[in-house]
Amino acid sequence: QKISVAGHELTVEVADTDETRSQGLSNREKLDDGKGMWFDFTNTNFRKPGFYMKDMLFSIDILWINNGKIIGVEKNIPLPEPNKDLIIYYPPSEITHVLEVPAGWVDRNSITTSF
């Protein structure tokens, strides 16, 4: 599926079930520039889901989105450290969608929150 974020087109995989949202990008080798994973929470009661880097093999940026507005970003999230507890990332307020993109994408495309 194609989406546009602040005028930048992305091809995204949609995660809209508990199973696909939980799997996310775990155990993938990479995520090419111009691609992302779009987490749809509109069919759930989750409005402030926690995200973590379990089994991740590359760094990402996370965009927290509520009804089409970017309400927050987490940039260059590092890989999990061996034998340490996973860091859980939460949106700043309620969201309807979450977008994961390759690390650095937010800065390369000058993405900002849209309050």
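## Surface patch, salt bridges and one buried Asn

Ile88 sits in the loop that runs between β5 (69-77) and β6 (97-102). Keep in mind that this is a predicted model. With a relative accessibility of 43%, Ile88 counts as partly exposed, because that value falls between the 20% and 50% limits. Ile88 also has nonpolar company at the surface: together with Tyr52, Leu86 and Tyr90 it makes up a nonpolar patch. Taken together, the four residues offer about 380 Å² of accessible area.

Now for the charged side chains. Side chains of opposite charge can pair when their charged atoms come close. Searching the whole structure turns up seven salt bridges. Here are some of them, with the N to O distance for each pair.

| Salt bridge | Distance |
|---|---|
| Lys30 with Asp32 | 2.9 Å |
| Asp33 with Arg108 | 2.9 Å |
| Lys84 with Glu81 | 3.4 Å |

Let's start with Asp33 and Arg108, whose closest N and O atoms lie 2.9 Å apart. This pair links distant parts of the chain, with the two positions 75 residues apart in numbering terms. Asp33 belongs to the loop between α1 (18-23) and β3 (35-40), while Arg108 is in helix α2 (residues 105-108). How open are the two ends? Asp33 has 53% relative accessibility and so counts as exposed, whereas Arg108, at 47%, counts as partly exposed.

The Lys30 and Asp32 pair has its closest N and O atoms 2.9 Å apart. Lys30 is exposed, since its relative accessibility is 57%. Asp32 has a relative accessible area of 35%, so it ends up as partly exposed.

Then there's Lys84, whose side chain meets that of Glu81 in a salt bridge at 3.4 Å, N to O. Is Lys84 buried or exposed? Its relative accessibility is 54%, so Lys84 counts as exposed. Glu81 gets the label exposed as well, because its value is 51%, and the label needs over 50%.

Finally, a look at Asn109, which is placed in the segment after α2. Which backbone oxygen does the Asn109 side chain reach? That of Trp105, at 2.9 Å. And why does Asn109 count as buried? Its relative accessibility is 19%, and buried means under 20%, so the label applies.

To recap, the nonpolar patch brings together Tyr52, Leu86, Ile88 and Tyr90, the Asp33 and Arg108 pair links distant parts of the chain, and the side chain of Asn109 reaches the backbone oxygen of Trp105.

Key. Residues numbered from 1 in each chain as written. Predicted model: local features only at pLDDT ≥ 70, side-chain atom pairs only at ≥ 80, totals over all residues. Heavy atoms only, no water. Patch = residues over 30% accessible without salt bridge, like charges linked within 9 Å, V, L, I, M, F, W, Y side chains within 5 Å. Areas by Shrake-Rupley, 256 points an atom, 1.4 Å probe, with all protein chains shown as cover. Helix = DSSP H or I, 4+ residues; strand = E, 2+ residues; numbered from the N terminus. Buried < 20%, exposed > 50% of the residue type's maximum accessible area, 1.4 Å probe, protein only. Polar contact = N/O pair within 3.5 Å; in protein donor to acceptor, adjacent residues only side chain to side chain.
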